[in-house]
Amino acid sequence: MPTLIKSGTIITASEIFEGDILIEDEKIISIGENLETAGAELIDAAGKLVMPGGIDPHTHFDLPMFDTISSDDHYTGHKAAAFGGTTTVMDFVPQDRASLNQSIADWHGKADNKAAIDFGFHMNITHLDDQIEKEIPTLLELGITTLKVFMAYNGRLRLQDGEIFRVLRIAKQHGMLTMLHAENGDVIDVLVSEALAAGKVSPEWHARTRPGWGGVEAVLRGAALSEQSGAPLYVVHINQAGEADQLRYARQHGVPVMGETCPPYLFFTQEDLLRPDGAKWICSPPMRSQKDTRGLWDALANGTLQTIGTDHCPFFFDGTQAINYEGRQVAIPGKELGKDDFTKIPNGVPGVGDRLPILWTYGVRAGHITPNQFVALTSTNAAKIFGIYPQKGALLPGSDADIVIWDPEKSLKYGRNHAHHRTDYNLYENWDLVGFPEKVLLRGSLIVDQEHWYAKPGNGRYLHREPNAFVL
Ligand code: URP
Ligand code: ZN
Ligand code: ZN
């Protein structure tokens with residue numbers, strides 16, 4: 001049966017207008033004024049905002065790390081995303097097996113039967129040899145067009161610059177996009193050893209052993225490799241103003257580099273690691289300073305950065321204590337693993353469900369970004385960059401009917417009880433929010449209606465993404 005969303009204020013990446021949206025067979029059929037269809041199911045959106053479903057290009061569900069695993073899996077994380085207005089996520093496949101194809105098959109094994117919203121995969125390249133080089137182009141047949149490389153995590157994930165250059169050249173040849181984790185692994189290794197030897201083991205040392213200039217230098221190094229290979233580069237989780245400055249410099253010189261930041265870098269600083277529960281804020285790269293939060297907002301507003309992902313990688317703060325999740329008691333080892341040693345604290349923070357509500361109140365309402373920029377940064381640009389536009393990220397005839405109906409008046413004191421993440425804390429506990437998803441549709445089906453959840457594990461569909469996507 002068709003669905004008709006009536007009389008909403010439609011917001012896209014470039015327009016705001018009053019109108020109706022007609023949906024049939026999972027797709028948007030038409031958008032306009034005074035649409036009527038006999039027999040359509042009506043959704044009254046008067047007084048509400050209607051936007052494309054959010055796209056989070058950076059999640060880590062069910063990811064083994066140190067002696068534990070990230071606490072949201074491909075169902076619980078998808079559910080949290082949906083309640084926050086996100087209808088598509090992209091998760092990173094670790095290169096854990098001899099072949100990339102095996103690693104990807106493993107990740108499908110974890111995700112396909114649990115997925116509740118649509119999803120794609122990026123492939124981590126953390127070991128490179130002749131066989132892997134030959135295998136990379138075959139990922140296109142599996143719908144994977146993106147490769148993540150690391151300049152940090154020596155001995156585990158890091159590639160040398162020459163290897164990153166080789167990955168970029170293969171990516172260029174096949175219309176793929178390389179994603180970069182930009183930190184200086186060598187300097188981090190030295191500083192971590194020195195800190196541990198001196199008995200400096202508290203959470204603040206996580207940031208103090210990962211110096212900001214290491215990231216600044218690494219972004220510029222990445223840009224140089226992009227220029228030298230002619231391949232586009234997307235720098236993930238940009239956490240400081242100096243990195244955005246390097247990106248701007250490279251972009252002004254015509255280098256095809258793009259950047260993502262994540263909400264915690266817009267609000268928190270290194271000082272948060274000094275709190276008694278500072279481990280909650282540990283992620284890599286770390287949060288920096290007030291000057292950096294301001295610089296990142298500027299970089300979003302002036303187009304230096306193209307996306308806001310979450311890098312959602314949640315762990316319990318105290319994984320010895322169970323929480324109730326969908327009626328069952330769940331406890332997963334978490335940040336307490338590093339209570340005596342910051343290097344053992346699993347790196348990562350929750351956020352997939354927080355992203356849109358937090359950015360609406362503290363980004364749009366606070367005047368840092370416009371409503372159109374909100375849509376571009378949280379949905380449309382990611383669809384374009386990652387090869388799923390205009391199927392996703394757009395309100396156009398023929399697009400998937402992934403739609404958020406947003407109540408701009410709903411106000412609440414936010415926190416763990418609203419967020420639906422499967423963890424025992426929320427970074428934004430007790431923050432006042434105004435504006436919240438009221439209804440969320442995935443391919444035309446209502447999956448969230450206020451506090452009601454209608455999706456089932458397996459409802460989400462894997463996205464085969466297209467190469468040669470936009471460089472924004
Ligand atoms: O601390 C974080 N961000 N964990 C996830 C891994 C990564 O580098 O994105
Ligand atoms: Zn990373
Ligand atoms: Zn990440």
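Reader: Does Asp432 count as buried, exposed or partly exposed?
Author: The relative accessibility of Asp432 is 44%. Buried means under 20% relative accessible area, exposed over 50%, and partly exposed in between (1.4 Å probe, protein chains only). By relative accessibility, Asp432 therefore counts as partly exposed.

Reader: At which pLDDT do side-chain atom pairs count?
Author: Residues are numbered from 1 along each chain as its sequence is written, while chains are lettered from A and ligands numbered from 1 in the order in which they are written. Side-chain values use heavy atoms, with hydrogens and water left out, and this is a predicted model, in which totals for chains, interfaces and linings use all residues, local features need pLDDT of at least 70, and side-chain atom pairs count only at pLDDT 80 or more.

Reader: Which residue meets Asp432 in a salt bridge?
Author: A salt bridge here is a side-chain nitrogen of Lys or Arg within 4 Å of a carboxyl oxygen of Asp or Glu. For Asp432 the N to O distance is 2.9 Å, and the other side chain is that of Lys413. The pair links distant parts of the chain, 19 residues apart: Asp432 in strand 19 (residues 432-442) and, in strand 18 (residues 403-413), Lys413. Strands are DSSP runs (E, at least two residues) and helices likewise (H or I, at least four), numbered from the N terminus; a relative accessible area of 47% makes partly exposed the class of the partner, Lys413.

Reader: Lys410 is found in strand 18; which residues is Lys410 in contact with, leaving aside its neighbours within four places in sequence?
Author: Lys410 counts as partly exposed at 24% relative accessibility. From Lys410 to Leu442 the C-alpha distance is 22 Å, with their positions 32 residues apart in sequence. Contact means heavy atoms within 4.5 Å. Beyond four places in sequence, the residues in contact with Lys410 are Leu433, Val434, Gly435, Phe436 and Gln450.

Reader: How many salt bridges does a search of the whole structure find?
Author: One of the pairs is Asp272 with Arg275, at 2.6 Å from N to O. Asp272 is buried at 9% relative accessible area, whereas Arg275 is partly exposed at 36%. There is also a network that links Glu26, Lys27, Asp118, Lys392, Asp400, Asp402, Arg443 and Arg461 by salt bridges. Over the whole structure, the number of salt bridges found is 29.

Reader: How many residues apart in sequence are the parts tied together by Lys6 and Glu36?
Author: Lys6 and Glu36 form a salt bridge, their closest N and O atoms being 3.4 Å apart. Lys6 lies in strand 1 (residues 3-11) and Glu36 in the loop between strand 3 (27-32) and strand 4 (41-44), so the parts they tie together are apart in sequence by 30 residues.

Reader: Of Lys6 and Glu36, which is buried and which is exposed?
Author: Glu36 has 63% relative accessibility and counts as exposed. At 14% relative accessibility, the buried one is Lys6.

Reader: Which residues coordinate the zinc ion (ligand 2)?
Author: Donors are N, O and S atoms within 2.8 Å of the metal (3.2 Å for Na, K and Ca), and water is not among the atoms, so sites may look incomplete. The donor residues are spaced K-x32-H-x55-H in sequence. At 2.1 to 2.2 Å, the zinc ion (ligand 2) is coordinated by Lys148 (NZ), His181 (ND1) and His237 (NE2).

Reader: How far is the zinc ion (ligand 2) from the zinc ion (ligand 3)?
Author: Among the donors of ligand 2 are Lys148 and His237. Lys148 is in strand 11 (residues 146-150) and His237 in the loop between strand 13 (233-235) and helix 8 (241-252), 89 residues apart. Lys148 and His237 are both buried. The separation of the zinc ion (ligand 2) from the zinc ion (ligand 3) is 4.0 Å.

Reader: How many of the residues of helix 1 are buried?
Author: Helix 1 covers residues 76-83. Its buried residues include Thr76, His78, Lys79 and Phe83. Helix 1 is largely enclosed by the rest of the structure, because the count of its buried residues is eight of the eight.
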